[in-house]
Amino acid sequence: MRDEIIKKECRNFLKRVAWRLQYSAKRNVYRHTRMIDEIYGEDITSHTVSKLYIEEVLSQIPEKARFIICSIVIDGQTEEEVAKKLKISRQGV
């Protein structure tokens, strides 16, 4: 029973630490993006944040899926072209 209480307290402590770190990081990003907005305008910030988000999402998926998405969406290749490069069917893409 005591071990469960200790585990729960540790989890709660780690959650608080993680929340503080996340809050601090968001505050820093907001501060820096505000400065960039003042210099370059709002469009560059939203473009940069979007690009960073896309890179983060792509880094979390398998390499083959990343290649397919980048080839079709970013490079503008057709599904058939990507399928030939990967030596799989178009439906597999």
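Helices and strands are here DSSP runs, with at least four residues for a helix and at least two for a strand, numbered from the N terminus.

**View 1. The whole chain of the predicted model, with its helical elements**. By that definition the chain of this predicted model holds 4 helices and 0 strands, and reading along the sequence gives the pattern α-α-α-α. Buried residues account for 9% of the 93 residues in the chain. Of the contacts in the chain between residues at least 6 apart in sequence, 6% join residues at least 24 apart. The accessible surface of the chain amounts to about 8300 Å², and 59% of that surface belongs to carbon and sulfur atoms.

**View 2. Helix α2 and a nonpolar surface patch formed by Y53, I54 and V57**. Helix α2 covers residues 42–59, and Y53 lies within this helix. Together with I54 and V57, Y53 forms a nonpolar patch on the surface, and the three residues have about 310 Å² of accessible area together. Y53 has a relative accessibility of 59% and therefore counts as exposed, since the cut-off for that class is over 50%. In an α-helix there are 3.6 residues a turn, so residues three or four places apart point the same way.

**View 3. Helix α3 and the residue G76 just after the helix**. Helix α3 comprises 12 residues, 63–74, which at 1.5 Å a residue should span 16 Å, and because its end C-alpha atoms are 15 Å apart, the model agrees with that expectation. Just after α3, G76 adopts a positive phi of about 75°.

**View 4. The surroundings of S71 in helix α3**. S71, which is found in helix α3, has a relative accessibility of 3% and so counts as buried, the cut-off for that class being under 20%. Leaving aside residues up to four places away in sequence, S71 touches G76, Q77 and V82. One of these partners, G76, is also the residue with the positive phi of about 75° just after α3.

**View 5. The cysteines C10 and C70, with their accessibility**. C10 has a relative accessibility of 42% and therefore counts as partly exposed. C70, at 22% relative accessibility, likewise counts as partly exposed, because that class lies between the cut-offs of 20% and 50%. A search of the whole structure finds 0 disulfides, where a disulfide would require a pair of cysteine sulfur atoms within 2.5 Å.

Terms used: Residues numbered from 1 in each chain as written. Predicted model: local features only at pLDDT ≥ 70, side-chain atom pairs only at ≥ 80, totals over all residues. Heavy atoms only, no water. Expected span 1.5 Å × (residues − 1). Buried < 20%, exposed > 50% of the residue type's maximum accessible area, 1.4 Å probe, protein only. Patch = residues over 30% accessible without salt bridge, like charges linked within 9 Å, V, L, I, M, F, W, Y side chains within 5 Å. Areas by Shrake-Rupley, 256 points an atom, 1.4 Å probe, with all protein chains shown as cover. Salt bridge = Lys/Arg side-chain N within 4 Å of Asp/Glu carboxyl O. Contact = heavy atoms within 4.5 Å.
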